[in-house]
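Please go through the following structure with me, beginning with how far it can be trusted and then turning to its architecture and packing.

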Amino acid sequence: MPATKATKSVRKKLLDAFGEMVDKSMDPNIPIAQRQALLNRAQELRTQWVELEAARFNKDAAAFQKAQDKVSEAVTDLRKATKELDDIVKIAEKATKVFGLVDKLLKQAVKALV
Amino acid sequence: MLSKADRRAATPFRQALSGLALTLLLAACGTPRDFSVYQETIAEFQKATDQTATVALEYVHGINDVERENELKLLREDPDRLLDARKLATPVLTAEALRARDRTFSVLKQYTQMLADLADSDASERWKAASERTAAAAELLIEDLSNVAPSLASLPITDAISPLRTISNVIAKEIIDAKRARALDAAIEKAAPAIQDISALLREDLEFVIQQRDTLKQQEISQLSIEYAQAQQLGNEPVRLAKLREIDQKIRARKEGLITLQSVLQTLDQFDAAHDSLLRYARSDKGPQDLYDLVAIVRNYAATAEEVFAAFKKAGDASS
């Protein structure tokens, strides 16, 4: 965790430095050549900042995977709950068939008795 | 006559029905709620999350292209710039890291879809239809038993019918809804920490996207301001005025771009608020105020997500 925080802080410092450089490069009181040099330096800082952000992005893949696994568990639970509800309904549906079958058997039994 | 096998078949069936009746009656002790409003709210949350994830992923996938385009632009504009072909050939974000985002959002979509599907399940309606058919079949059987063979009325089948008959359709609907609501609550509770993590990670990605694009615009404006000063120094009025127009356009474009990208981040804020409210509702006593709060927050999120999604689509259509 401290390492991540340090990296985040470094990233922010780089971005702030970029902002300052760009800001100065637009200052009309500074000679043009120096303004261009400041902008060039700002571009370099930005490249370094992008590299650090990209490294963070690529490293976060593992954290995404971990979170994904947890959400998958909840999805499995939801599937199970949906199936349980279906099963309850199926019992009622099956009951109809069983009563029909018993009624049929009953009528056959009566016929046999008569 | 009924065979022994038929009688044996009737006994476990009666036990199953008695067990079902007990389970359902116990489930009926759950907190009542206006389930249809809850269903609609979950469906709204699902749709809004889908839209948020689509927009966010599209921006995240654009990171590599934006960097590559920038490098090509700098090479075109600066004849002295050294060409590092590796920069053009190797994307800054790895394919694996991008796939990890894709997979996570695919699972997140599945999760919200399953929430919506379960909330919208027609189990209670199917139960109603099935139980009506069952009741008709049972009534016919009892009628036949008492009319034509009173001696058969003592068979266990009459006992088996009774638990099912005690469950009215109204009660059954409440029971099924309560069972379903508890499953939804449990899933929301279980997934919550992971979803909060995903949101925090996505926030970092989106902040990167915003700054990545904005820093490029800042560079462009700075370059133009230098070119303006050069034209001014040389007394080249047409170029000076052209640069002034360009600077004005770029400043406006930067402002608009920032508003658009910030709105995606605001949608993520509202996603967090909506998800928190779902979680709070799952943990609450489900009173009318709890439901009202949930609906208000989710609707607010859904409206923003819809707006941002429409703006994103419009921007995509305009650029294609």
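Q: Over which residues of chain B does pLDDT stay under 50?
A: This is a predicted model, in which local features need pLDDT of at least 70 and side-chain atom pairs count only at pLDDT 80 or more, while totals for chains, interfaces and linings use all residues. Residues are numbered from 1 along each chain as its sequence is written, and chains are lettered from A and ligands numbered from 1 in the order in which they are written. With pLDDT being the predictor's confidence in each residue, from 0 to 100, and a contact meaning two C-beta atoms, placed from the backbone, within 7 Å, the model has 30 contacts beyond four places in sequence for the stretch in question. That stretch of chain B, with pLDDT under 50, is residues 16-33.

Q: Which helix of chain B has the highest mean confidence?
A: Chain B averages a pLDDT of 81, and 75% of its residues score at least 70. Helices (DSSP runs of H or I, at least four residues, numbered from the N terminus) include helix H1 (residues 4-27) of chain B, where confidence is lowest at a mean of 46. The highest mean, 93, belongs to H8(B).

Q: Which element of chain A has the highest mean pLDDT?
A: For chain A the mean pLDDT is 85, and 86% of the residues reach 70 or more. The lowest mean among its elements, 79, falls to H3(A), whereas the highest, 94, is that of H2(A).

Q: How many helices does chain B have?
A: Chain A has 3 helices and 0 strands, strands being DSSP runs of E with at least two residues. Chain B likewise has 0 strands, and its secondary structure reads α-α-α-α-α-α-α-α-α along the sequence. The number of helices in chain B is 9.

Q: Which helix gives the most to the largest nonpolar core?
A: A nonpolar core is a set of buried Ala, Val, Leu, Ile, Met, Phe, Trp, Tyr and Cys residues joined through C-beta atoms within 7 Å, and the largest one has 76 residues, of which A:Val71, A:Leu78, B:Tyr111 and B:Leu115 touch the most other members. Helices of both chains each supply at least two residues, among them helix H1 (2-25) of chain A and helix H4 (95-119) of chain B. The most, 17 residues, comes from H7(B).

Q: Between which domains of chain A does this core lie, and why?
A: The domain bounds come from an automatic or database domain assignment. Both domains of chain A give residues to this core, so it lies between domain 1 (1-59) and domain 2 (71-114).

Q: What is the reach of H2(A) from its first C-alpha to its last?
A: H2(A) has 28 residues, among which A:Leu38, A:Trp49 and A:Phe57 are buried. The expected span is 1.5 Å times one less than the number of residues, which gives 40 Å for H2(A). Close to that expectation, the reach is 41 Å.

Q: Is B:Ala315 buried or exposed?
A: B:Ala315 lies in helix H9 of chain B. A residue is buried if 20 or more other C-beta atoms, placed from the backbone, lie within 10 Å of its own, exposed if 12 or fewer, and partly exposed in between. Because B:Ala315 has 11 other C-beta atoms within 10 Å, the residue is exposed.

Q: How does B:Arg182 count in terms of exposure?
A: B:Arg182 lies in helix H7 of chain B. Because B:Arg182 has 15 C-beta neighbours inside 10 Å, the residue counts as partly exposed.
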